[in-house]
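Colleague: Could you take me closely through the largest pocket of this model, and then through the parts of the fold around it?

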Amino acid sequence: MAQRPNPQVSSRKQPKQARANDLVAAVLDAAVQVLRTEGASRFTTARVAERAGVSVGSLYQYFPNKAAILFRLQSDEWRQTSALLHEILADRRQPPQERLRTLVHAFLRSECDEAEVRTALGDAAPLYRDAPEAAQARASGSLVIREFMKEALPGVDEPTVVLAADVIETTLTQVGSSFSGTERTSQEISAYADAMADMFCGYLARLSR
């Protein structure tokens, strides 16, 4: 059976002038609006261009297809998440378990704040998830968590550290996606984050022993 070709998700070119930067920013802002109002199933380059107030031809100068636009939104989200992970987990002024607790609260709130767009991007994932660029973009967040685990679990063998990092990353991602699928109050988010953080901290404490 022939393999499916990887989708083209890279931008055609990078904007170098202010006017081009403004056009790309308008396209991405319009793309978010279309995702919010139309969902992934009705997301098209024509709708994005119309919402952005630009021609489809101008849009195609930078994005070859709708998959490239969606991937840019998703990779921007991944970069923001990686930056959040690094900012919290690399701050050695706090002990590891406090950092992990802070991360869980910040992550769940972020998931709930952007639930509509993230759900739509998840629905659109088949358009770009098999592209090599997608694996590269996802990898940075995993690396941050793994480095944190090495610090949080000194003396623990590497396979166990790798497993712990994967368990926490996967649980955060899957539970965050499921939890944010329903509108939540601030109190509900805090209570759920506390419960998750307690579970993670107990897991790390057991591994440390």
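Modeller: The largest pocket holds about 730 Å³ of space, where a pocket is, on a 1 Å grid over the protein atoms alone, an open set of points where a 1.4 Å probe fits, with protein on both sides within 12 Å along at least five of seven lines, and its volume is the space filled by probe spheres set on the points, which are joined across faces, edges and corners. Its lining comprises 28 residues, and Gln74, Glu77, Trp78, Glu111 and Thr173 are the closest to the centre; a lining residue has an atom within 4 Å of a point. This is a predicted model, in which local features need pLDDT of at least 70 and side-chain atom pairs count only at pLDDT 80 or more, while totals for chains, interfaces and linings use all residues. Residues are numbered from 1 along each chain as its sequence is written, and side-chain values use heavy atoms, with hydrogens and water left out.

At least two lining residues come from each of helix 4 (66-89), helix 5 (96-113), helix 6 (115-124), helix 7 (132-152) and helix 8 (158-179), helices being DSSP runs of H or I with at least four residues, and strands runs of E with at least two, numbered from the N terminus. By class, the lining has 10 nonpolar, 11 polar and seven charged residues, with Ala, Val, Leu, Ile, Met, Phe, Trp, Tyr, Cys and Pro counted as nonpolar, Asp, Glu, Lys and Arg as charged, and the others, Gly among them, as polar.

Two of these helices also have partners elsewhere in the chain. Helix 5 packs with helix 9 (residues 186-208) at about 145 degrees, their axes 9 Å apart; axes are lines fitted to C-alpha atoms over the stretch in contact, and angles run from 0 to 180 degrees between N-to-C directions. That contact has 13 nonpolar, four polar and four charged residues. From helix 6, the side chain of Glu116 meets that of Arg36 in a salt bridge (3.1 Å, N to O), a term for a side-chain nitrogen of Lys or Arg within 4 Å of a carboxyl oxygen of Asp or Glu. Because Arg36 lies in helix 1, the pair ties together parts that are 80 residues apart in sequence. By this rule there are 13 salt bridges.

As for the chain, its secondary structure comes to nine helices and zero strands, and its C-alpha trace spans about 60 × 40 × 40 Å along the principal axes.
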